[in-house]
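Please work through the exercises below with the sequence and the coordinates open beside you, and try each task before reading its solution.

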Amino acid sequence: MKTLTADITNAGETPPLPRAAYVHVPFCRHRCGYCDFALIAGRDDLIADYLAAIQRELTRLDAVPDLGLGDACLELATLYLGGGTPSHLGPDGLARLFDILHARLRPLPGAEVTIEANPQDVTEPLAAAAAACGTTRVSLGAQSLDTTTLAALDRDHTPDDVRRAVGILLDRGFTVSVDLMTAAPGQTLADVERDLDAIVALGTQHLSVYCLTWEKGTLFESQRRRGTLQPAAESLERAMLDRTIDRLEAAGFEHYEVSNFARPGGRCRHNETYWDCRPWEAFGPGAARFDGRLRITNHRSTTTWMRRVLAGEDFTGDRDAMTPLEAAQERVVLGLRRRDGLSRANFLAASGLDLDLVAGSSIRRWTDRGLATDDGERVQLTREGLLVSDALWAEVL
Ligand code: SF4
């Protein structure tokens, strides 16, 4: 079997080969009340068919003319198994999935290989199986270390499950990232501060902190409409993010993207592919891939995706062919979500367009209001800008 090394070229030319791949594992024990991800809860009977469908979808790589892979492996700098809950497959299921993936996706030496895990699933055998499969990083869906907040978020694990899981993963030598949620129903600023202190004390290398969002079709959203759940006030949400940045920076974390914090050297390289708008491959229900010009999303329904893949039918859902201007506008948003901001020279080289033609008037408005700084080469959001960033993007897109 031959092996191909990805070729990095500038945008505007033939898109480079993807060096990142995402695999969606759609199984969970229980659907949390706020979650609208593509997943199926309580249907472990479908895991064998899912694995067969992933194996079949990987043969899609044969038919992509730009990849020209034949039967070769795609070499990867990063591989990310998300969900759903990849750890729900257990040690044997995880090993089987990696066997299937490794037949066509080959992480290069030094590659970042991440799996998402739920605290309850993390055991010594699971950690051993993940390590044996080449996993280097585990992203743990903790959300909180407070019993009341976990109950308010409809999570099915305890703070002790989180502590135990982090201990197992760090002892095994993984880089560990923890997801934390703010603006949970009834959560106060003091609750968030206590959560941050407790999570910092765990000693993980990375934290992702998200504000609860109320997605259409979720249990939480229907309870909000009936008036039985109340979203946090916007001012409280902002205060929570503000306090989070203060607390984590004081603890030695670098705030490198609106929602992401890393100890030195601990940034998530896989997510940086998305934020740099570099191409990536993706497999599984609801998984979206990007070839540098076109974003294709697989059918969101696990059963429909599986049935169509296994029947040899079209299993894709949305196809989003962005114009160069739309792609550049997205690059502005993704770039400014990062603390490094946007370099005019890099933006021009990557998009072929002048940053000021794409977003000049918005950038001037933001700098006038103290929401951004602009030294003529680099534009960065200020702390004030980051706190209101979600409201800014409509001006660009
Ligand atoms: S465990 Fe994660 S993916 Fe599964 S339902 Fe809960 S939030 Fe969604």
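Three exercises with worked solutions follow, all of them on a predicted model.

**Exercise 1.** Find which residues are around the ligand, and sort them by class.

Solution. Begin by collecting the residues around the ligand, which are C28, R31, C32, C35, F37, L39, G83, G84, T85, N118 and G141. Next, assign each residue of this shell to a class, counting Cys as nonpolar and Gly as polar. The shell then divides into five nonpolar residues, five polar residues and one charged residue.

**Exercise 2.** Work out the strand order of the open sheet of three strands, and explain why β13 and β15 each have one side without a neighbour.

Solution. First, read the order of the open sheet, which is β13-β14-β15 with antiparallel pairing. Then look at the edges, where β13 (288-290) and β15 (316-321) each have a single partner strand, so that one side of each has no neighbour in the sheet. Neighbouring strands of this sheet are turned against each other by 15° on average, with direction ignored. Finally, examine the antiparallel pair of β14 (residues 294-298) and β15, which is joined by four bridges, and note that R295 has D320 in β15 as its bridge partner.

**Exercise 3.** Describe the two domains and the side of domain 1 that touches domain 2.

Solution. Start from the division of the chain into domain 1 (3-275) and domain 2 (328-395), whose C-alpha centres lie 27 Å apart. The contact takes twelve residues from each of the two domains. On the side of domain 1, α8 (234-250) and β10 (254-257) each supply at least two residues, and the largest share, four residues, comes from α8. By class, this side has six nonpolar, three polar and three charged residues.

Conventions:
Residues numbered from 1 in each chain as written. Predicted model: local features only at pLDDT ≥ 70, side-chain atom pairs only at ≥ 80, totals over all residues. Near = placed C-beta within 6 Å. Pairing = 2+ DSSP bridges. Axes fitted to C-alpha atoms, helices over the stretch in contact; angles between N-to-C directions. Domains from an automatic or database assignment. Contact = placed C-beta atoms within 7 Å.
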